[in-house]
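This report describes the surroundings of a bound ligand and then the chain as a whole. Please consult the sequence and the model shown here.

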Amino acid sequence: MSEPLAPGATIGIIGGGQLGRMLSVAAAQLGYRCHVYAPEDAPCAADVAARHVHADYTDEAALRDFARDVDVLTYEFENVPAGPLRAIAGEAPLHPNVDALELAQDRLSEKDYVVGHGGRPADYRAVSSLGELEQALKEIGAPAILKTRRFGYDGKGQVRIMSADGASAAWADIGEKPSVLESFVDFEKEFSILLVRGMSGETRIWDAPENRHEDGILAHSLAPGDGVIGIQKAAASDLARGIADALDYVGVLTCEFFASAAGPVFNEMAPRVHNSGHWTIEGAVTSQFENHIRAICGLPLGDTSLTADRVEMYNLIGTAADDWPQWLKKDRAHLHLYGKGEARPGRKMGHVTQLW
Ligand code: AMP
């Protein structure tokens, strides 16, 4: 293990959204400076960073210059192309490593990997033509969900197939892209495992939150998840830990699950801090953001236990953020606004954490 990075060092964050913003705030608390690399004109993470490098994720020369200027690199967005990151590997350490990033970019490799480590996703088939989709639908049965292998997020890149004759419409809707067909899971609740793994291999796991989605977007997380989540979180945590160890992962890893009658069904992983962990800022002794920074800087990890009996996180999506003044009137409610401009429908503008 390399020497810990002393406070005063510079962290390079690739991606400029709210996750980068909250990572940068956590880093500043520990005395680090952050540089943000993002293609947008005014990414919200840049408001709280020492420097914004405005360039495309595929611009290898710009990425190389960015990396030379920092002591460690991380990312807050999993669709950063892996090729340029591999090409600049010698310039600065990257955590989580590029193998983990690449794995999480492809739903098919991700599911195959999870199966290889004893996990159970929904029944799935790789699909790269209408013929394959028709065959897969015969094998899996309807209802089923067709998801693009790459670049899906917040329910985008997904089409539900409700009956056996729905293949050709779904294939057109998905844009004829390489995809995965998965069976529809009859689940009781959804939850996530938020894990952080340090450079020494030490792991810590927060209480598993229950996650509720609206229109495919996370709306609400509650921690600790109770009932079936309390029962299934140990098996899900073991799987997440096994995956993190196998990848020699450093940083926060999020794995999403469906709690079904047959046990935890793996949905997907994110090689980064995650919206379902925002409650940890006030609801846990050490937040996901601080522990990610600690991990990538080689510091000891912090306590992940709850600071309240119960914690709830509400996402402020689109114009819901206009109600911000009402949250300030509530006791033990913590308002976070991301400083984004226009409140477009579906855009995550902020969140609130309520402690109980
Ligand atoms: P994803 O982007 O894969 O996380 O999907 C977004 C949301 O769609 C999930 O959080 C679930 O609420 C729902 N969903 C996705 N896949 C399935 C599935 N195989 N069965 C049932 N619901 C699903």
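## Polar contacts of the ligand

In this predicted model, a polar backbone atom of Val-185 lies 2.9 Å from a nitrogen atom of the ligand. Two side chains approach oxygen atoms of the ligand: a polar side-chain atom of Lys-147 is 2.7 Å from an oxygen atom, and an N or O atom in the side chain of Asn-267 is 3.0 Å from an oxygen atom. The protein buries 95% of the 480 Å² that the ligand exposes when taken alone.

## The surrounding shell

Strands E6 (144-148), E7 (158-161), E8 (179-183), E9 (187-197) and E14 (263-270) are the elements that each give two or more residues to the shell around the ligand. There are 16 residues around the ligand, of which Lys-147, Gln-158, Glu-182, Glu-190 and Glu-268 come nearest. By character, the shell residues divide into 6 charged, 5 polar and 5 nonpolar.

The ligand lies between domain 2 (123-183) and domain 3 (187-355), because both domains give residues to the shell around it.

## The chain as a whole

The chain contains 17 strands and 11 helices. Its radius of gyration is 20 Å, close to the 21 Å that the globule rule gives for 356 residues, so the chain is as compact as a globular protein of that length.

Taken along the principal axes, the C-alpha atoms fill a box of roughly 60 × 50 × 40 Å. Of the 356 residues in the chain, 54% are buried.

Technical notes. Residues are numbered from 1 along each chain as its sequence is written. This is a predicted model: local features need pLDDT of at least 70, side-chain atom pairs count only at pLDDT 80 or more; totals for chains, interfaces and linings use all residues. Side-chain values use heavy atoms; hydrogens and water are left out. A residue is near a molecule or strand if one of its heavy atoms lies within 4 Å of it. A polar contact is a pair of N or O atoms within 3.5 Å; within protein, one must be able to donate a hydrogen and the other to accept it, and residues adjacent in sequence count only if both atoms are side-chain atoms. Accessible areas come from the Shrake-Rupley method with a 1.4 Å probe; for residues, only the protein chains shown count as cover. Helices (H or I, at least four residues) and strands (E, at least two) are DSSP runs, numbered from the N terminus. Ala, Val, Leu, Ile, Met, Phe, Trp, Tyr, Cys and Pro count as nonpolar, Asp, Glu, Lys and Arg as charged, and the others, Gly among them, as polar. Domain bounds come from an automatic or database domain assignment. The radius of gyration is taken over C-alpha atoms; the globule rule is 2.2 Å times the number of residues to the power 0.38. Buried means under 20% relative accessible area, exposed over 50%, partly exposed in between (1.4 Å probe, protein chains only).
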